[in-house]
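Work through the exercises below with the sequence and the 3D view at hand. Try each task before reading its solution.

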There are 2 protein chains.
Amino acid sequence: MRRKPNPDQRRRELCDTAIRLLADEGVKGVSHLKVDRKADVPDGTTSFYFRTRSALLQAVAIRISELDLKDLTAAARTQSSPAAATADQPSALATLVMRSARGARLVRTKARYELALQAVRDPLLDEAFRSYRDQFHALIRDVVMQLRPAEDDPDQALADRQAYVVMMFISGVMQASASGDRRIRSAEELDALISGIVAGVGSSAALRK
Amino acid sequence: MRRKPNPDQRRRELCDTAIRLLADEGVKGVSHLKVDRKADVPDGTTSFYFRTRSALLQAVAIRISELDLKDLTAAARTQSSPAAATADQPSALATLVMRSARGARLVRTKARYELALQAVRDPLLDEAFRSYRDQFHALIRDVVMQLRPAEDDPDQALADRQAYVVMMFISGVMQASASGDRRIRSAEELDALISGIVAGVGSSAALRK
C-alpha cells in the first residue's frame with residue numbers, strides 16, 4: 001500500500017500536475033477533475049485541497065514562483081562565490097536561463113507565461129505573482145551587479161536600470177523559447193549578449209551625465 | 001438601413017471583435033457565438049466566414065500581424081527620413097513601442113501574446129505567425145541599423161545580433177506592459193535604453209574579435 005502523503009506534499013504534487021496541464025493545454029486545460037485524473041488520485045481530491053479554480057491557479061502561481069526563486073537564489077550564490085570570479089565558464093544566470101528555456105524546465109516556463117497573462121484578469125493570481133516580484137528584482141540586480149564592468153558607476157539607480165533591461169531581455173528570450181525559438185545556442189553566447197547589454201546601458205547613462 | 005459590408009470588410013470587423021475578446025478574456029473567451037454577439041451581427045455570421053475555431057484564430061493572427069507590420073513599416077519609413085536624422089525627438093521605433101504598450105493599442109498587444117502562447121499547441125496558428133516573422137525581423141533590423149553608432153562594424157551578422165537583442169528586449173517590455181508594468185515612462189527613456197543595448201552588443205562583439 002502506498003503511504004498517504006501529508007497535506008503539504010499532496011498540495012505540491014497537485015500543483016506540479018497543474019503546471020504540466022498549463023504547459024500542455026493552456027489555462028483552459030486546467031480543471032479540478034483533469035488534475036485529479038492526470039495526478040492519478042481519486043476524483044474530488046483537487047477540489048478538497050483547492051476549493052475554487054482561482055484558489056488552484058493562485059497556489060500554482062505561488063508554487064512556480066517559489067521554484068523559480070529557489071533556482072535564482074542558487075544561481076546568485078554560485079555566481080558570487082570566489083571560484084566563479086576566476087573560472088572561465090558561463091555565468092550561473094545564463095546557465096539558468098538556458099536550462100529554463102528547454103527540456104524539462106521549459107514546462108514550468110510555459111506554465112508561468114500562461115498564468116502571467118491570466119493574471120491580468122484575475123486579481124488573486126496577480127497578487128500571488130506580485131508578492132514575489134520584489135524578491136526576483138532584488139536577486140537579478142545582485143546577479144547583474146556582478147556582471148558589471150569594474151569601472152561602472154556604483155550608482156543604485158543605474159544598477160536598477162541595468163537589472164531592468166536584463167530582466168526584460170531575458171523575459172523576451174524565455175517567451176520566444178516557450179514558442180519554439182532556438183536562436184541562442186549556448187550559455188556562453190547568452191552571457192556575451194547580457195554583458196554587452198549591461199555595459200551598453202551603463203555607458204549610455206554615463207554619456208548623458 | 002445599414003449598408004451590407006463587403007465580405008473582406010466583414011471578415012476584418014469580425015477579426016477586430018475577436019481581438020477585443022482575446023484581450024479581455026483570453027483564448028478561452030473566443031467562440032463564434034461570442035464574436036457574433038459582441039460584433040452585433042446575426043448569430044451564425046462568424047461561423048459563415050470562419051468555419052472552425054482554428055480558422056478564426058488563424059485569421060485573427062494574420063490580422064494582428066498585418067496591422068503590426070503596417071505600423072512598423074511606417075515607423076521604419078519615418079525613421080529613415082532625412083528629417084528624423086536631425087530632429088531632436090524620440091525614434092519612431094520607441095514611439096511605436098510606447099503606443100503599443102498602453103491605451104487602445106494595448107488591446108492588440110494583449111491579443112498577440114494570448115495567440116502566441118496558443119500557437120505552441122496549434123500548427124495553423126503557428127504557421128500564420130511564422131509567415132510574418134522574417135518580414136518583422138528584416139524591418140526591425142533596418143530600424144536598428146539606423147540607431148547604430150556610426151563607427152560600428154557594418155557586418156551583417158552583428159546587425160542581426162543587435163536586432164535580435166532589441167527584439168527580445170522590446171518583447172519583454174511589451175509583455176510586461178500587457179501585465180500592467182509601467183516602469184518605462186517615455187519614448188525618450190526607451191530610446192536611451194535601446195541605444196545603450198545596440199552600442200553595448202556592438203562593442204562587446206568588437207572586443208571578442
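**Exercise 1.** Is A:Arg185 buried or exposed? Compare it with its salt-bridge partner.

Solution. The model is predicted.
Step 1: The relative accessible area of A:Arg185 is 63%. Exposed means over 50%, so A:Arg185 is exposed.
Step 2: The side chain of A:Arg185 forms a salt bridge with that of A:Glu189, at 3.3 Å from N to O.
Step 3: A:Glu189 has a relative accessible area of 16%. Buried means under 20%, so A:Glu189 is buried.
The salt bridge therefore joins an exposed residue to a buried one.

**Exercise 2.** Where is A:Ser186 found, and how far is its C-alpha atom from that of A:Ala94?

Solution.
Step 1: A:Ser186 sits in the loop of chain A between α9 (156-178) and α10 (187-207).
Step 2: With a relative accessible area of 25%, A:Ser186 is partly exposed.
Step 3: A:Ala94 is 92 residues away along the chain, yet the two C-alpha atoms are separated by 8.6 Å.

**Exercise 3.** Which span should the 23 residues of α9(A) have at 1.5 Å a residue? Check it against the model.

Solution.
Step 1: The expected span is 1.5 Å times one less than the number of residues, so for the 23 residues of α9(A) it is 33 Å.
Step 2: The end C-alpha atoms of α9(A) are 32 Å apart, which agrees.
Step 3: As for its surroundings, α9(A) is mostly covered, with 19 of its 23 residues buried.
Step 4: Just after α9(A), A:Gly180 has a positive phi of about 100°.

**Exercise 4.** Which parts of the chain does the salt bridge between A:Arg108 and A:Asp71 tie together?

Solution.
Step 1: Side chains of opposite charge can pair when their charged atoms come close.
Step 2: In the salt bridge of A:Arg108 with A:Asp71, the closest N and O atoms are 3.1 Å apart.
Step 3: A:Arg108 belongs to helix α7 (residues 106-119) of chain A and A:Asp71 to helix α4 (residues 53-80) of chain A, so the pair ties together parts 37 residues apart in sequence.
Step 4: A:Arg108 is buried, at 13% relative accessible area.
Step 5: Both residues belong to a network of salt bridges that links A:Asp68, A:Asp71, A:Arg105, A:Arg108 and A:Arg112.

**Exercise 5.** How many salt bridges does a search of the whole structure find?

Solution. The search finds 31 salt bridges over all chains.

Technical notes: Residues numbered from 1 in each chain as written. Chains lettered and ligands numbered in written order. Predicted model: local features only at pLDDT ≥ 70, side-chain atom pairs only at ≥ 80, totals over all residues. Heavy atoms only, no water. Helix = DSSP H or I, 4+ residues; strand = E, 2+ residues; numbered from the N terminus. Buried < 20%, exposed > 50% of the residue type's maximum accessible area, 1.4 Å probe, protein only. Salt bridge = Lys/Arg side-chain N within 4 Å of Asp/Glu carboxyl O.
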